[in-house]
Amino acid sequence: MDVTLATSVDEFFHEVVTDALSEVDLDASEPAGWYLVGLLGEFTTARLTDEPLGIKLAATSESPAQRVRTLKEVGDTSLYVAGFFAESLTRSLVDVDYYVGIGQTAYARLARSLGSGKAIGEVYEELAAKFPQFVDVLAQVRKRVTIAELQATSDLTRLYDIWLRTRDEWVEKKLRQAGLIVDPGSKVIQ
């Protein structure tokens with residue numbers, strides 16, 4: 001993904017999600033891809049709450065409409081947190097597997113409550129069935145957005161630091177495009 005101006009948040013995230021789906025080699029339906037675009041757009045302004053997702057998932061005293069909203073919130077939050085904050089979860093009481101389990105369960109319950117005959121129900125079924133792969137897609141989105149930010153601010157030193165830690169081919173390609181020749185045999189920029 002090259003740094004280009006996007007006319008909207010959805011347009012930007014559509015490009016990034018499409019690239020990430022390809023990178024992860026996930027055969028996702030078009031509605032599921034657009035769902036991810038919308039989810040990312042929502043999290044540009046939404047704040048994560050401190051309420052444990054497991055408790056939200058276990059709550060049963062809500063009205064059916066509120067229950068649908070809660071299941072969506074739990075699934076979406078789990079997917080976003082697992083995809084964007086996986087590295088920081090290694091230092092927390094709960095790990096990525098917790099969020100994967102909670103998210104899959106929330107989306108599966110949501111799909112059942114909406115019925116599989118509805119298009120959105122099918123999207124939630126797909127999100128539940130392929131939840132770990134969608135987490136990988138969001139991890140790719142996070143990486144690409146971070147790198148795009150670094151390129152936009154011309155912080156090639158940080159980009160190079162990322163390459164030194166990960167030896168990621170995509171990061172190396174971006175360094176080459178910026179005019180830096182990366183010699184994989186050494187740690188020197190030429």
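Is F85 buried, partly exposed or exposed? F85 is partly exposed, because its relative accessible area of 32% lies between the limits of 20% for buried and 50% for exposed. The model described here is predicted. Its protein chain holds ten helices and zero strands, and 39% of its 190 residues count as buried.

**Overall architecture**

- Followed along the sequence, the protein chain has the pattern α-α-α-α-α-α-α-α-α-α.
- Of the contacts in the protein chain between residues at least 6 apart in sequence, 61% join residues at least 24 apart.

**Helix α1 and the loop after it**

- V17 belongs to helix α1, and its relative accessibility of 1% places V17 among the buried residues.
- Apart from neighbours within four places in sequence, V17 is in contact with G33, L36, V37, L40 and V141.
- Among these contacts of V17 are G33, L36, V37 and L40, which are also listed among the buried residues of α2.
- V17 also has a distant partner in sequence: L138 is 121 residues away along the chain, yet the two are 7.8 Å apart in space, C-alpha to C-alpha.
- D25 sits in the loop between α1 (9–24) and α2.
- Although D25 is not a glycine, D25 has a positive phi of about 60°.
- D25 counts as exposed, because its relative accessibility is 69% and the limit for exposed is over 50%.

**Helix α2**

- Helix α2 covers residues 30–42, a run of 13 residues.
- From its first C-alpha to its last, α2 reaches 18 Å, which is close to the 18 Å expected at 1.5 Å a residue.
- The buried residues in α2 are A32, G33, Y35, L36, V37, L39, L40 and G41.

**Aromatic pairs and the aromatic cluster**

- The count of aromatic pairs comes to nine.
- One of the aromatic pairs is formed by Y35 and Y124; the pair is edge-to-face, with 5.4 Å centre to centre and 80° between the planes.
- Y35 lies in helix α2 and Y124 in helix α7 (residues 119–129), so this pair ties together parts that are 89 residues apart in sequence.
- Both Y35 and Y124 are buried.
- Y80 and F85 also form an edge-to-face aromatic pair, with 5.7 Å centre to centre and 75° between the planes.
- The two members of the Y80 and F85 pair fall into separate classes of exposure: Y80 is buried at a relative accessible area of 12%, whereas F85 is partly exposed at 32%.
- Y35, Y107, Y124 and F131 form one aromatic cluster.

**E126 in helix α7**

- E126 is placed in helix α7.
- Although Glu is counted as charged, E126 is buried, because its relative accessibility is 12% and the limit for buried is under 20%.
- Not counting residues up to four places away in sequence, E126 touches D27, A28, S29, A32 and F134.
- One of these contacts of E126 is A32, a buried residue of α2.
- The C-alpha atoms of E126 and Y107 are separated by 8.7 Å, with their positions 19 residues apart along the chain.

**The second largest pocket**

- The second largest pocket has a volume of about 240 Å³.
- Two or more residues of its lining come from each of the elements α4 (64–84) and α6 (96–114).
- The lining of the second largest pocket consists of L48, T49, D50, E51, P52, L53, T77, V81, F85, Y98 and Y99.
- By class, the lining residues of the second largest pocket divide into seven nonpolar, two polar and two charged.
- F85 therefore appears in two settings: F85 is one of the residues lining the second largest pocket, and F85 forms the aromatic pair with Y80, while being partly exposed.

**W170 in helix α10**

- W170 is found in helix α10 (residues 169–177).
- W170 counts as buried, because its relative accessibility is 9%.
- The C-alpha atoms of W170 and E23 are separated by 9.8 Å, although the two residues are 147 residues apart along the chain.

Conventions
Residues are numbered from 1 along each chain as its sequence is written. This is a predicted model: local features need pLDDT of at least 70, side-chain atom pairs count only at pLDDT 80 or more; totals for chains, interfaces and linings use all residues. Side-chain values use heavy atoms; hydrogens and water are left out. Helices (H or I, at least four residues) and strands (E, at least two) are DSSP runs, numbered from the N terminus. The expected span of a helix is 1.5 Å times one less than its number of residues. Buried means under 20% relative accessible area, exposed over 50%, partly exposed in between (1.4 Å probe, protein chains only). On a 1 Å grid over the protein atoms alone, a cavity is a set of points where a 1.4 Å probe fits but cannot get out, and a pocket is an open set with protein on both sides within 12 Å along at least five of seven lines; lining residues have an atom within 4 Å of a point. Grid points are joined across faces, edges and corners, and a volume is the space filled by probe spheres set on the points. Rings of Phe, Tyr and Trp (its six-membered ring) pair if their centres lie within 6.5 Å; planes under 30 degrees apart count as stacked, over 60 as edge-to-face and the rest as tilted. Contact means heavy atoms within 4.5 Å.
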